[in-house]
Each structure stands twice: as structure tokens, then as C-alpha cells.
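Trainee: I should like to learn how the terms used for a protein structure follow from its values. May we look at one together?

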Protein chains: 2
Amino acid sequence: MNNELLVKMVTDSWRKQLIATNKIFDSLSDEELMQEVAPGRNRGIYLLGHLTAVHDRMLPLLGFEESKYPDLKAVFLDSPDKAVDGIPSASELRQQWHDVNETLSNHIKSLPADDWFTRHANISQEDFIKEPHRNRLNVLLDRTVHLSNHRGQLLLLKKGISRH
Amino acid sequence: MNNELLVKMVTDSWRKQLIATNKIFDSLSDEELMQEVAPGRNRGIYLLGHLTAVHDRMLPLLGFEESKYPDLKAVFLDSPDKAVDGIPSASELRQQWHDVNETLSNHIKSLPADDWFTRHANISQEDFIKEPHRNRLNVLLDRTVHLSNHRGQLLLLKKGISRH
């Protein structure tokens with residue numbers, strides 16, 4: 001099987017998760033985003049910031065460009081929800097979320113299939129020879145699974161949906 | 001070369017999700033499994049049955065063997081939670097969950113890499129020629145993402161974990 005098809009399988013899966021997650025975010029008001037997904041757990045807005053921070057860091061990890069919003073890391077990766085005062089507003093985070101994903105999406109679309117099987121920024125050339133599965137496509141696969149994990153939680157914020 | 005690599009990437013991801021999900025199930029008592037992941041939402045036991053039913057149906061879908069527990073479909077796929085009286089007990093479902101995943105795992109381990117890129121049972125030979133990405137590996141990728149989605153929800157049943 002050619003590399004194009006392998007890449008299509010993973011990039012399709014990524015895109016599908018992103019569309020499904022955006023559908024949830026778009027259906028939630030800013031007030032609903034301030035709710036916890038379950039009592040005592042993360043708020044929707046924290047998960048929005050967390051996902052934005054993780055996707056933003058995919059830009060340098062995949063060798064595309066520098067992080068666009070490096071300040072998100074301290075609030076949404078290094079700290080749990082409700083630990084930091086004065087987090088960005090919902091509308092600011094929504095804009096950053098769309099910006100990061102659009103930037104990622106443009107790079108993803110234009111990366112040649114063979115380049116997906118080259119190493120990502122967090123593995124040395126030496127280690128990559130021994131572990132060639134630790135390539136850029138594997139980063140996208142891992143982040144697709146990560147996105148799905150949180151999408152399942154965000155779904156709980158939607159009213160009137162009790163199934164799955 | 002890249003066929004083997006992609007099979008390793010996807011089967012590793014599947015295994016990793018399964019290990020992480022089992023860690024949650026194993027840490028929950030039968031009583032905790034009866035709790036809803038969030039108010040008014042699915043109970044842990046429903047998600048256990050749902051995941052077992054979905055994984056059980058992967059056996060014929062991937063061309064491995066017949067479903068082992070076809071009766072789960074009516075309760076955990078065709079019906080929402082709390083719609084059916086007299087669902088199987090937690091201990092029965094735990095046993096079926098492990099049985100199904102062990103059976104799947106043995107097949108997954110022994111399937112040659114190239115066979116992963118052949119069609120699954122739900123696509124015709126004719127359609128597969130036009131859409132070769134709809135292969136058996138893509139089923140495993142899709143079910144890995146599905147598992148992660150529900151793992152994120154099951155995590156909410158664990159006490160004393162407020163992050164992610």
C-alpha cells in the first residue's frame with residue numbers, strides 16, 4: 001500500500017474528530033462552557049484551553065512553525081483547572097482554538113506523504129533509526145486519540161443528550 | 001516497510017488505550033460502576049457493556065471469527081442506558097470484556113501486516129477498489145478513537161482525580 005493511503009487514514013481520522021469536537025464547542029454557550037463536565041471535574045473552558053495548548057504545541061513538534069500561543073502552557077498544561085486566576089475569556093480561547101487548528105490544517109494538507117514518516121522534533125536522529133514508528137504521523141495519531149478522550153467529556157456538557 | 005510501521009503504530013495505540021481503560025475498570029468497584037459518569041448520563045456499567053458489544057462485533061468485522069456475545073447488541077448498542085431491565089451483572093460483563101479483548105488481541109497479534117490493508121466485512125469488493133482506505137486497519141483505528149472517547153468519560157468515575 002502506498003504512503004498516501006496510510007496518511008489518508010490517519011489525517012481523515014484527525015479531521016473527523018476535529019469536526020465532531022467543533023460541533024460540540026459551537027453548540028455550547030460561553031456560560032455552558034463555564035460548567036464542569038462532571039461535579040468537581042474540569043470545566044469546559046479549561047478543556048478548550050487545554051486542547052488549544054496541546055494543538056498549538058503540535059506546530060513545532062511536527063516541524064511546521066513556532067507555537068502561536070505559548071502562554072497557554074502555564075495555564076492549561078502545567079496547572080490544573082481552577083488553579084490560575086484570570087484565565088483568557090471564552091471568546092478569546094475560541095478564536096485561538098480556530099486559529100491554531102486552521103494553521104495546523106493548512107500544514108497537514110500540504111505535507112507530502114513521505115514526510116509524515118520522518119521524525120518529529122522530540123526524538124533524536126539516533127533514536128529514530130532504532131524507533132522509526134516515532135514519526136510525525138504517529139504524533140497526529142496520538143493527538144487524535146487525545147482529542148477523542150476529551151470530546152467524550154465535553155459531550156457531557158450538552159443538554160438533553162444522554163447516550164454515549 | 002511503511003505498511004509494517006503503520007500497523008505497529010495503530011496496534012500500539014489500540015493496546016495503549018486498552019491498558020489505560022482496563023486500569024480504570026480494575027480500579028472501580030462494582031458499586032462505583034453503577035454510578036453515572038455525570039448526572040443523568042450513562043452509568044459505568046452501561047459503558048462497560050457498550051464497549052464489550054462494540055469490541056465483540058469487531059471479531060466478525062475484521063474477519064476473525066463470529067461474535068462471542070451477540071446478545072449484548074440489543075442491550076448496549078440498540079438501547080440507551082436504563083431502557084432495559086435485567087442487564088448482565090458487573091462481574092459477568094467484566095469477564096466478557098476480558099474474554100473479547102483477549103480473543104481480539106490474539107488475532108491482532110497474528111495477522112500479517114499486509115492483511116491489515118485488505119477490506120473488512122462491511123464493504124463490498126467493488127467499493128473497496130474505489131476506497132482502499134476502508135480496510136481492516138482503519139477499523140482498528142476507528143475503534144481506538146471510540147475507546148478513547150469513552151475512557152475519558154469513565155475517568156470521571158474515579159474518585160480524587162480532577163485533572164484531564
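Trainee: How many salt bridges does a search of the whole structure find over all chains?

Mentor: The search finds 22 salt bridges over all chains. This is a predicted model, in which local features need pLDDT of at least 70 and side-chain atom pairs count only at pLDDT 80 or more, while totals for chains, interfaces and linings use all residues. Residues are numbered from 1 along each chain as its sequence is written, chains are lettered from A and ligands numbered from 1 in the order in which they are written, and side-chain values use heavy atoms, with hydrogens and water left out.

Trainee: What makes the pair A:Asp81 and A:Arg43 a salt bridge?

Mentor: The term requires a side-chain nitrogen of Lys or Arg within 4 Å of a carboxyl oxygen of Asp or Glu. The closest N and O atoms of A:Asp81 and A:Arg43 are 2.8 Å apart, so the pair meets the definition.

Trainee: Which parts does this pair tie together?

Mentor: A:Asp81 lies in the loop between H4 and H5 of chain A, and A:Arg43 in the loop between helix H2 (30–33) and H3, so the pair ties together parts that are 38 residues apart in sequence. The helices named here are DSSP runs (H or I, at least four residues; strands are E, at least two), numbered from the N terminus. Both A:Asp81 and A:Arg43 are buried.

Trainee: Why does B:Asn42 count as buried?

Mentor: Buried means under 20% relative accessible area, exposed over 50%, and partly exposed in between (1.4 Å probe, protein chains only). B:Asn42 has 3% relative accessibility, and therefore counts as buried. This residue lies in the loop between helix H2 (30–33) and H3 of chain B.

Trainee: How is A:Lys82 classed, buried or exposed or partly exposed?

Mentor: A:Lys82 counts as partly exposed, because its relative accessibility is 44%. A:Lys82 lies in the loop between helix H4 (72–76) and helix H5 (90–110) of chain A. Its phi is near 70°, a positive value in a residue other than glycine. Most residues other than glycine have a negative phi.

Trainee: Which salt bridge joins B:Lys16 to chain A?

Mentor: The side chains of B:Lys16 and A:Asp142 meet in a salt bridge (3.2 Å, N to O). The pair crosses between chains, from helix H1 of chain B to helix H7 (residues 136–154) of chain A. B:Lys16 counts as exposed, at 51% relative accessibility, whereas A:Asp142 is partly exposed, at 28%. B:Asp142 and A:Lys16 also meet in a salt bridge (3.1 Å, N to O), and the count between chain B and chain A is two salt bridges.

Trainee: Which elements give two or more residues to the side of chain B that touches chain A?

Mentor: They are helix H1 (2–27), helix H3 (44–61) and helix H7 (136–154) of chain B. H7(B) gives the most, with twelve residues. The residues of that side divide into 19 nonpolar, 20 polar and ten charged. In this scheme Ala, Val, Leu, Ile, Met, Phe, Trp, Tyr, Cys and Pro are nonpolar, Asp, Glu, Lys and Arg are charged, and the others, Gly among them, are polar.

Trainee: How many residues does the contact take from each chain?

Mentor: The contact takes 49 residues from chain B and 49 residues from chain A, where contact means heavy atoms within 4.5 Å. The chains bury about 3,800 Å² between them, 59% of it on carbon and sulfur atoms. Buried area is the accessible area (1.4 Å probe) that two parts lose on being put together, summed over both.

Trainee: What relation superposes chain B on chain A?

Mentor: A rotation of 180° with 0.1 Å of shift along its axis superposes them, with RMSD 0.3 Å. That is the relation of a two-fold axis. In chain B, the C-alpha nearest the axis is that of B:Asn149, 2.1 Å from it. The superposition is by least squares on the C-alpha atoms of residues with pLDDT of at least 70 in both copies.

Trainee: Why do the copies meet through the same surface?

Mentor: The conclusion follows because 98% of the interface residues of chain B are also interface residues in chain A. B:Asn149, in helix H7 of chain B, is buried at 5% relative accessible area. Leaving aside neighbours within four places in sequence, B:Asn149 is in contact with A:Ser148, A:Asn149, A:Arg151 and A:Gly152.
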